[in-house]
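Me: I have a model open and want to go through a few of its details. Can we start with the charged side chains and then move inward?

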Amino acid sequence: MSLSDYGDLAPLDDPADPGNRPARLAVGVVGTGRVGPALGAALQLAGHKVVAASGVSAASRRRAEALLPGVRIVSPPQVLAAADLVLLTVPDDALADLVAGLAATGAVRPGQLLVHTSGAHGVAVLEPATLAGALPLALHPAMTFTGTSVDLARLAGCPFGVTAPEELRPVAEALVVEMGGEPEWVPEDVRPRYHTALAHGANHLVTLVAQAMELLRSAGVAEPGRMLGPLLGAALDNSLRSGDAALTGPVARGDAGTVRRHLAQLSTVSPDIPAAYRAMARATAQRALAHGTIDETSAAALLDVLNEEKQ
């Protein structure tokens, strides 16, 4: 299999056009955590065939059986031996060693599409396999996965961060479209920044919400999620639409006295929440000042309170 097997590799005007899609491929999945089985199942729905998968833990094997019924569970080299397209869906820090090991043992075949789903890496991490003749693609779905069939529905319209050699860009984008996603091109040199943005937004949001729920429980609210849901949903929608113009609350109003009272309350509930509140309030004050929501005097008063409480 070579580049010529995938048709004209000139830039595509419409990756969704069936004429631009890759040929039907034998697909292998190395790493049956939450992501791999879902993407494998999505490719099967598009007409490809998952022929082999590898997974170590009992939980990963159960996921493979649920989303990829009947697919053989074998070793990673056996997956590569059976597949034209291989999904490497392992943790970020394990990817480089996996690729190096597969290349060193001769498991990689020339012309084989090797796709990893790590947001933190571009295609440079696949270099040992590329030198062995593999065709490298980095396709990162910007979504959290449950490891269940729910993920297939969530892939509809899901953005994918796509990094690939320019000549393989049409193939990468077509595969994303076939999985139901929307390709977003991410150059190799900014891939770490891209992933930092997603992790900062999604992962820290979970911590922030968990802390807010903890505070509400301590205030006697029986169902904090029910109270927070409408407020946080509206805040997220407003911020995505309007950016800094969506800032509200005491920091955005310059109410330093209210912020001082908040910090006094936080110190009685949890040791980790005050530091998080101060950091976010400081960043919010700076953004509100830059946006013109508060003036320099109000920002200075807020920062004085935040620094005072930190001492």
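Me: Is arginine 260 buried, partly exposed or exposed?

Reply: This is a predicted model. In it, arginine 260 has 35% relative accessibility, so it counts as partly exposed.

Me: Which residue does arginine 260 form a salt bridge with?

Reply: Its partner is glutamate 308, and the closest N and O atoms are 3.2 Å apart. The pair links distant parts of the chain, with arginine 260 in helix H11 (residues 256–266) and glutamate 308 in helix H13 (residues 296–310), 48 residues apart. Glutamate 308 is partly exposed, at 39% relative accessible area.

Me: How many salt bridges are there in the whole structure?

Reply: A search finds seven. One of them joins arginine 253 and aspartate 255, at 3.0 Å from N to O. Arginine 253 is exposed at 54%, and aspartate 255 is partly exposed at 27%.

Me: And what about arginine 169, which residue does that one pair with?

Reply: Glutamate 173, with 3.0 Å between the closest N and O atoms. Both lie in helix H7, four residues apart, about one turn of the helix.

Me: Is glutamate 173 buried or exposed?

Reply: Buried, because its relative accessible area is 12% and the cut-off for buried is under 20%. Arginine 169, at 25%, counts as partly exposed.

Me: Moving inward. Which residues touch the most other members of the largest nonpolar core?

Reply: Leu85, Leu87, Leu137, Leu139 and Phe160, out of 32 residues in that core. Elements that give two or more residues to this core include strands E4 (85–88), E6 (135–141) and E7 (159–163), along with helix H7 (169–178). The most comes from H1, with five residues.

Me: What is leucine 137 in contact with, neighbours within four places in sequence aside?

Reply: Among its contacts are Leu113, Val115, Val123, Leu126, Thr163, Leu168, Ala172 and Leu175. Apart from this core lies another, of 19 residues, among them Ala52, Ala83, Leu102 and Val125.

Me: Back to H1. Why is it said to be largely enclosed by the rest of the structure?

Reply: Because eight of the 10 residues of helix H1 (residues 36–45) are buried. The buried residues are Gly36, Pro37, Ala38, Leu39, Gly40, Ala41, Ala42 and Leu43.

Me: What phi does glycine 47 take, just after H1?

Reply: A positive one, about 110 degrees.

Technical notes:
Residues are numbered from 1 along each chain as its sequence is written. This is a predicted model: local features need pLDDT of at least 70, side-chain atom pairs count only at pLDDT 80 or more; totals for chains, interfaces and linings use all residues. Side-chain values use heavy atoms; hydrogens and water are left out. Buried means under 20% relative accessible area, exposed over 50%, partly exposed in between (1.4 Å probe, protein chains only). A nonpolar core is a set of buried Ala, Val, Leu, Ile, Met, Phe, Trp, Tyr and Cys residues joined through side-chain atoms within 4.5 Å. Contact means heavy atoms within 4.5 Å. A salt bridge is a side-chain nitrogen of Lys or Arg within 4 Å of a carboxyl oxygen of Asp or Glu.
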